[in-house]
Number of protein chains: 2
Amino acid sequence: MMGMPNPDASDRYPLLDTASARDYAAGLDAVRERLGAPPEKWQAREVGDGNLNLVFILEGPEGSVCVKQALPYLRAAGPSWPMTPERAFFEYSYYEAVAPHVGHQIPEILHYDSRLHCLIMECLAPHIILRRGLIEGRRYPDIGRTLGEYVARASFFTSDLARPFEQKMESMALFARNTPLIRITVDLVFTDPYCASPRNRHTSPELDAAVADLQSDGSLKAAAARFGQKFLSEPQALVHGDLHSGSVMVTPEDSRVIDPEFAFYGPIGFDLGAFFGNLLLAWYAQPGHEASDGERAAYRDWILIEAQRFWESFRRRFLALWQESGRGDAFPARMFASAADTAPLAAARSAFVDGLFADMLGFAACKMIRRIVGFAHVLDFESIGDRRVRATCESGALALARRLLTQPERFGSIGEVIEAVRSSTVRARSAAARG
Amino acid sequence: MMGMPNPDASDRYPLLDTASARDYAAGLDAVRERLGAPPEKWQAREVGDGNLNLVFILEGPEGSVCVKQALPYLRAAGPSWPMTPERAFFEYSYYEAVAPHVGHQIPEILHYDSRLHCLIMECLAPHIILRRGLIEGRRYPDIGRTLGEYVARASFFTSDLARPFEQKMESMALFARNTPLIRITVDLVFTDPYCASPRNRHTSPELDAAVADLQSDGSLKAAAARFGQKFLSEPQALVHGDLHSGSVMVTPEDSRVIDPEFAFYGPIGFDLGAFFGNLLLAWYAQPGHEASDGERAAYRDWILIEAQRFWESFRRRFLALWQESGRGDAFPARMFASAADTAPLAAARSAFVDGLFADMLGFAACKMIRRIVGFAHVLDFESIGDRRVRATCESGALALARRLLTQPERFGSIGEVIEAVRSSTVRARSAAARG
């Protein structure tokens, strides 16, 4: 482990390699059954970049599994944040909590080892990361609906709408210990991008003025800070905490949510905004991936259709679940037992979901801004080689995010948001024509 | 302990009497110092009704202390809710958490015993319960300001505005275990009053129609349920959880907050609403305590002035603390370092506090309703012997509470609320004249 910081003795645990990963997994019934014996015939290979986690694929004659071990420190160059390997525990705990509700939209978990900080799970193949698919211009016909329903199910069933609050409080107290990863979000999403920080970077010099303008816009910063405050003080449900397009693995027929290390009880809009905002980033990045002008026009339209379906599917499913399975302590069923209660209750549900919509937009904006101005950028933009083209794409996304934060009253419906995104192109073209 | 349910063996602990309370306290340096030796000369007497807690006063030549031991069960006739004696731990933990911030507005805590579920604290004398003072028509010149500032300090310093979120999450996880007492609030404040429940009662037959009307008002119930949901999912700060006028002990010069067994992380407006709502209940009850018509008119005005000062003092202090001591992760100071940020930040603070105001009114309404329609009533009304007079007083309070919940847009300022309360009399008199 050359170059690794020396962890405290108490933090030490053996790090796996291909041989030890195979030996370890060979001791587990569930793995042997899935791969087919004997273990000597299994193929083991390391995948992943080894920056945050070690990831191994084990393949046997009858199947395969994925072994994911959390590394004790962030190995990337740059500042070292606490990245305790206990995040594997929260990843496992999230999967356990949502598994009964989301069906096969998460990988099947075969084993968790608290000593090794390691998870063994179903190997997703031939899935690829959704973000990569979006960069390559691939279509996933059901992605918006599937993810919208996923967020609806995962959040509804872990909220006070679905179960006695005692269960939620116990689970909330457990995930409240996931502070090292929550700290990353607090700093990198809600703080750094809005002030000078050595961790920030942006496409320079093209975006210098836009970034300076953003960081001196007090109203925008106050709006972003209000969402940062909500992030910390509105535990509506168990949220994934990092649900961008890099946390979804897809084929044209299937999609799975992965990497829930950031899970905790927070606002439902945070997961909604992460996914929605990253679809918008993918949309804004498309011109950077065109071989010829307008080549991706239809694909861009498809992205927006899926973004709209994401919200609409979430909304429809969440409201349906509330109506069918509202057995929690919030809006207790016994308070609304008469027929005359139906309409006012429906209005209250609708108002609550409207609040989630506003939260989705605010959090989406924060997530978009941090990917352009903050520490961690996205491959959608990073893979655009021509810096000026990349800057133009990023500028469009940044401008929309700012409007979402500072003019929320102009985005009362999903249609208005989609229309504002679509007209970004026109604005950019007009600006180019004027310039 | 005749008539007590038989607790599980694991729950058993010795219950104190005057002799054992004195013997126990005699073993504690802090108590011996305060009372003056020798313990044989201490006077010990039991006070309190022994329903929820055993309370003893120990007096020595140089001072006195109060010994409060939690009983394992609710001894009152009626349904038995879980009232685990661990509530003494949460009472102690609340005092510990707010003590550095609220000065002498809480009793000094000398000792906590986790095995006996027992607290030994400063004996408050010649203090009386504020509710009793309000019934008797006594004035406490600084009560509104003192309590407003108390809530501002206790909530600000335990919120994300004042400290790193890691500290809040750790404390929140601890208080999340206080579920038995939170369950009481969920059921008795936010659910039972809005549907048929054997635990409910009201002044009958005078209020029969009003209660039936309330329980069939779907919009009102939806509004109350929304506040119930907020209660469970907006841990803005450590709240007392039961801050009515029975949880404040007063002299004309001093006031102390007691009995924080219901403490947990919740909406700041819940504490604000408890105190504000109970001042309004005291106002509505005044005609029931008059020896002659109009005798309490000036006193009533005084109550409203203090209610207004309560809110205004909270608001002023909370905003001042935020400006002076805003070192938390919400609205991080480094995001707002330039002079140009001052105005937008002030606007955001003001908007946040406006939200607390709306919450205060909604929670006040819920607290008022439950004291008239639900299980636990208040002495303000209960001590009115003439049932019809009591019903008239309660009707006025109930009508205002309903307006607060269903027409929140009409109560944008404290002045509008005070004016609506004041004009209740006129309405009631007009109604009486018509009737």
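How many bridges join β2(A) to strand β3 (residues 64-70) of chain A? Keep that question in mind as you open the first close-up; this is a predicted model, as are the views that follow.

**View 1. Strands β1, β2 and β3 of chain A pair side by side.** The answer to the opening question is 7 bridges, and β2(A) and β3(A) run antiparallel. A hairpin of 4 residues carries the chain from β2(A) into β3(A). Within this pair, look for A:Val55, which stands opposite A:Lys68 in β3(A). Strand β1 (residues 43-47) of chain A pairs with β2 (residues 53-59) of chain A, also in the antiparallel sense, over 5 bridges. Two residues of β1(A) help to fix the register here: A:Arg45 stands opposite A:Ile57 in β2(A), and A:Val47 stands opposite A:Val55 in β2(A). A:Val55 is therefore a handy landmark, as A:Val47 of one neighbouring strand and A:Lys68 of the other stand opposite this residue; a general point to recall is that side chains in a regular strand alternate between the two faces of the sheet.

**View 2. The open sheet of chain A has 5 strands.** Stepping back from the hairpin, you can follow the strand order β1-β2-β3-β5-β4 of chain A, with antiparallel pairing. The edges belong to β1 and β4 (109-113) of chain A; each has a single partner strand, so one side of each is left without a neighbour in the sheet. From one strand to the next, the twist averages 20°. Helix α3 (residues 87-102) of chain A packs on this sheet, where α3 touches β3, β4 and β5 (118-122) of chain A. The direction of α3 makes about 35° with that of β5(A).

**View 3. Helices α5 and α10 of chain A cross at roughly 165°.** Here α5 (residues 143-157) and α10 (residues 268-285) of chain A bring their axes within 10 Å of each other. That crossing angle makes α5(A) roughly antiparallel to α10(A). The crossing is right-handed. On the α5(A) side you will find A:Leu147, A:Val151 and A:Ser155, which meet A:Ile268, A:Asp271, A:Leu272 and A:Phe275 of α10(A). Sorted by class, the contact has 5 nonpolar, 1 polar and 1 charged residues.

**View 4. The open sheet of chain B shown here has 3 strands.** Their order is β6-β8-β9, with antiparallel pairing. The edge strands are β6 (128-129) and β9 (255-257) of chain B, and each pairs on one side only. Between β6(B) and strand β8 (residues 248-250) of chain B there are 2 bridges, and these strands run antiparallel. To find your place, start from B:Ile128, which stands opposite B:Val250 in β8(B). Helix α5 (residues 143-157) of chain B lies across β8 and β9 of chain B, running at about 35° to β9(B).

**View 5. Helices α11 and α12 of chain B pack at an angle of about 145°.** The axes of α11 (residues 297-325) and α12 (residues 342-373) of chain B are 11 Å apart, and the helices pass in a right-handed crossing. From α11(B), the contact takes B:Trp311, B:Arg315, B:Phe318, B:Leu319 and B:Trp322. Facing these in the contact are B:Arg349, B:Val353, B:Phe357 and B:Met360 of α12(B). The residues of this contact divide into 7 nonpolar, no polar and 2 charged.

**View 6. Chains A and B meet through 43 residues of each.** On the side of chain A that touches chain B, α6 (165-175), α7 (179-188), α9 (218-233) and α12 (342-373) of chain A each supply at least two residues. Which helix gives the most to this side of chain A? That is α9(A), with 10 residues. Taken by class, the residues of this side of chain A comprise 25 nonpolar, 10 polar and 8 charged.

**View 7. A rotation of 180° superposes chain A on chain B.** The shift along the rotation axis is 0.0 Å, and the RMSD is 0.0 Å. That is the relation of a two-fold axis. The same surface serves both copies, with 100% of the contact residues of chain A recurring in chain B.

Technical notes
Residues numbered from 1 in each chain as written. Chains lettered and ligands numbered in written order. Predicted model: local features only at pLDDT ≥ 70, side-chain atom pairs only at ≥ 80, totals over all residues. Pairing = 2+ DSSP bridges. Axes fitted to C-alpha atoms, helices over the stretch in contact; angles between N-to-C directions. Parallel < 35°, antiparallel > 145°, perpendicular 65-115°, else oblique. Left-handed = near helix turned anticlockwise from the far one by under 90°. Contact = placed C-beta atoms within 7 Å. Nonpolar A, V, L, I, M, F, W, Y, C, P; charged D, E, K, R; others polar. Least-squares fit on C-alpha atoms with pLDDT ≥ 70 in both.
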